[in-house]
Amino acid sequence: MHSENKAEMQNPTSARRKQNGAHSGSQNDGVQPVLSVKSLSKNFGGLRALNDVDMHIMPGEIVALIGPNGAGKTTFFNCVTGIYLPTEGEVWAGRQGEPHKQLNNISPHHITSFGLARTFQNIRLFSSMTVLENVMVGRHCRTKSNVLGAIFRNPASRNEEQETVDRAYALLEEVGLQDLWQESASNLPYGAQRRLEIARALATDPFLLFLDEPAAGMNPQETVELKKLVLRLRDKLGISILLIEHDMGMVMSLSDRIYVMEYGSRIAYGKPEDIRNNPQVIRAYLGESDDA
Amino acid sequence: MFLSAKRLFRSLMVSLWFMCLVFPIMGIKIVKKVAVYSFDSVFYLGIGIFFASLAWAWYFEVYLQGGMEKDGKKSLFAPVGQCWKKITTKIEDTPSAGKYTLLILLVVFSILPFVSSMYQTTIFALAFLYVMLALGLNIVVGIAGQLVLGYAAFYAIGAYTYALLNQYLGFGFWICLPIAGFVTVIAGFVLAFPVLKLRGDYLAIVTLGFGEIVRLLITNFSDFTGGAKGVSNIPRPSFFGMELSPNMNTIYVYYLALFAALITIVVVARLKDSRVGMALQALKDDEIASEAMGIDLRKTKLAAFALGSCWAGFAGVLFAARNSFISPASFTFMDSVMILSMVVLGGMGSITGVALAALILALMPEYLRAFSEYRMLIFGLVMVLMMIFRPQGMIPPSKRKYYPSALFGKKGSGKNDSAQKFSANTIAHGNSLNESTEGEKHA
Ligand SMILES: Nc1ncnc2c1ncn2[C@@H]1O[C@H](COP(=O)(O)OP(=O)(O)OP(=O)(O)O)[C@@H](O)[C@H]1O
Ligand SMILES: [Mg+2]
């Protein structure tokens, strides 16, 4: 918004064009974004944690959201996934080729079953459950077995449960946690807990995955693995990914586009190489200094 | 050293403090409006407390440090501590221990009416009702983590549903049983709706209020409910349309209660291990995460309250039929607390643990009549000790075993299966980290 920098020019689907009818599918280039957020704002009392933020994510894109601490990145996630109610603005999303849906005022579990999944910055695993069970919970919105099925254990609900177990185990293999499947989730090392959160989010069959600082607390080796995992998710499953990350190496090498936030506002967006050289971004990270 | 100066001084202080505390109660007696002081009894108590506190401090060191003194020497009591540790871990490592206990109990219970007195039979029938109640509350508190303090209200609603339907409309036991279940489920919804957004302490307070409201309503609507005098002459259940002799009927009710308790155990156990049960557990662990995983908080909480309250309804009908007389005095806050204690002592979320705790707590007062004055004291002491030494309850909830096809093959796909399953079972008991070595060892 503030910076009409050259990054915007290079982007084939610029924000201006997006704004008229991102959700109606009347795109000039024919490809519709899976997520389009329009002037999203969130006030906490007097604090404006989000200020007129626009964003769109194209199918199969890996987009990074960066910014200094307290910039409002997590708040953005929370507003889009329904945990917070945005003060103003619109959130539209939909699978590729399907009609889009406005996600404001929809409760989080509906948003999840619609196909948006997330992980948490401060890990929120189900600590009394095993690793496998954590992922199984993620299947909840895709399974149907009810109380009667639970009591009578009819073939349908037993099959469904076995499918859930198999699916959960396959996801654990995907993130490399299969050997720990019987372990209690709270006993996992930090990096493994983050991967488990990703597996749990994947269990909900999302088309759009939000990762809040997935590499925090990981060692370099684990970060490399995580990078591979994110790419695999995009390439194999075609999931679009939005990630918040402070590890610049990871952000720069992984993302197709980057959005930068500061004090609740979007200060820049574009390709990694442009963001790297953007004076405003540099100032936001390093403070007001000419020799930065 | 066992008798270090610091430890002695601490015990001395504890005993002095205790003496001050009990002095007004034990040291002063009012005889004919004159205070008579008796210091010696307080003094003896102080000495007792002194030694008890010494033993207490010592025990903690044994328990926490595995019997090692601070300077690395093995203390005199190390074997005791280690032995105790061994026993507790042994119990923890055999999750089937509780199940076997229940099975043996089942055999004993099924022949009990023929080998013991009528009095025993009625007492045990009541204990089975408590098993139902405790397991019902276990769904709400133990599995779903919603602290409900007014559970006796549902029990009362069930009992009064039968009593009043019978009194005014002449409905029999077997018709009232499902009706009462339905009515308590509705009551569960009524309570759940306003508390959907509440958690922890606030939920506890509102549910406590609910319990009191129900009890006071029953007491004060005396024209309709009989008020504090209660409802009497409630018929006992008929046996395929036949009236039984009083003794036979007692036995009949006994078996009904036993059967109902069994059904409760099976159903609650199955619920816990299901998709619905998993959603309830997720709710207990983290509400925000479960919402983000696609679990409908509203629906799940309502389900928890409904599933939990219906058992109290069934138990209430059986209670009314067993007693043939009910009054609000049977459904006080103390009863709610008692049921909650069964859940906490047994182990939140554990089926076997809660069932056993319910049996123990329901039967204890009957068999410890001699100590009835100290009942609450003993009870409180047991609670405090449990919370210190075994906060997870008598038997922690057992973990369900899963069989991913990737490890175990498709069900019934061949003989290879059994070998694989065997190694997998050893994994389940051992450390999952070294799966292969474990499996090979046993092969
Ligand atoms: N629930 C809340 N109530 C009040 N203020 C909040 C709340 N959540 C976030 N904030 C405030 O909003 C601002 C943005 O917070 P947010 O957590 O989104 O930052 P962030 O960009 O994720 O930072 P970090 O990199 O440290 O995670 C902060 O000033 C924070 O204090
Ligand atoms: Mg954050």
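Start in chain B by selecting B:Phe128, B:Tyr155, B:Ile326 and B:Phe331: of the 105 residues in the largest nonpolar core, these touch the most other members. Keep in mind as you go that this is a predicted model.

Now colour helix H5 of chain B, residues 118-143; with 18 residues, H5 supplies the largest share of this core. Zoom in on B:Phe128 and show what surrounds it. Setting aside neighbours within four places in sequence, B:Phe128 is in contact with B:Phe109, B:Tyr254, B:Ala257, B:Leu258, B:Ala261 and B:Leu359. As background, nonpolar side chains tend to be buried together in soluble globular proteins.

There's another core to visit, apart from that one. This one has 62 residues, and A:Ala64, A:Val135, A:Ala284 and B:Tyr402 are among them. Select those four and you'll have names from both chain A and chain B on screen.

While chain B is still in view, try colouring it by domain: domain 1 covers 5-92 and domain 2 covers 97-389. Put a marker at the centre of each, taken over C-alpha atoms, and the two markers sit 37 Å apart.

Next, hop over to chain A and pick strand E1, residues 35-44. Is E1 mostly covered or mostly open? Mostly covered: 7 of its 10 residues are buried.

E1(A) has two pairings to look at:

- Strand E4 of chain A, residues 88-93, runs antiparallel to E1(A), joined by 5 bridges. Select A:Ser36 and you'll find A:Trp92 of E4(A) standing opposite.
- Strand E2 of chain A, residues 47-57, is also antiparallel to E1(A), with 7 bridges joining them. Here, click on A:Phe44, whose bridge partner in E2(A) is A:Leu47.

Stay at the turn for a moment. The hairpin of E1(A) and E2(A) has 2 residues between the strands, and A:Gly45 takes a positive phi near 60 degrees there.

Last stop: ligand 1. Which of the 14 residues around ligand 1 come nearest? They are A:Asn69, A:Lys73, A:Thr74, A:Thr75 and A:Gln121, so show those as sticks.

Then bring up three polar contacts with ligand 1, one residue at a time. With A:Ala71 the backbone is the part to look at: one of its polar atoms is 3.2 Å from an oxygen atom of ligand 1. For A:Tyr84, switch to the side chain, where a polar atom lies 3.0 Å from a nitrogen atom of the ligand. Finish on A:His246, with a polar side-chain atom 2.9 Å from an oxygen atom of ligand 1.

Technical notes
Residues numbered from 1 in each chain as written. Chains lettered and ligands numbered in written order. Predicted model: local features only at pLDDT ≥ 70, side-chain atom pairs only at ≥ 80, totals over all residues. Heavy atoms only, no water. Core = buried A, V, L, I, M, F, W, Y, C linked by side-chain atoms within 4.5 Å. Buried < 20%, exposed > 50% of the residue type's maximum accessible area, 1.4 Å probe, protein only. Helix = DSSP H or I, 4+ residues; strand = E, 2+ residues; numbered from the N terminus. Contact = heavy atoms within 4.5 Å. Pairing = 2+ DSSP bridges. Domains from an automatic or database assignment. Near = heavy atom within 4 Å. Polar contact = N/O pair within 3.5 Å; in protein donor to acceptor, adjacent residues only side chain to side chain.
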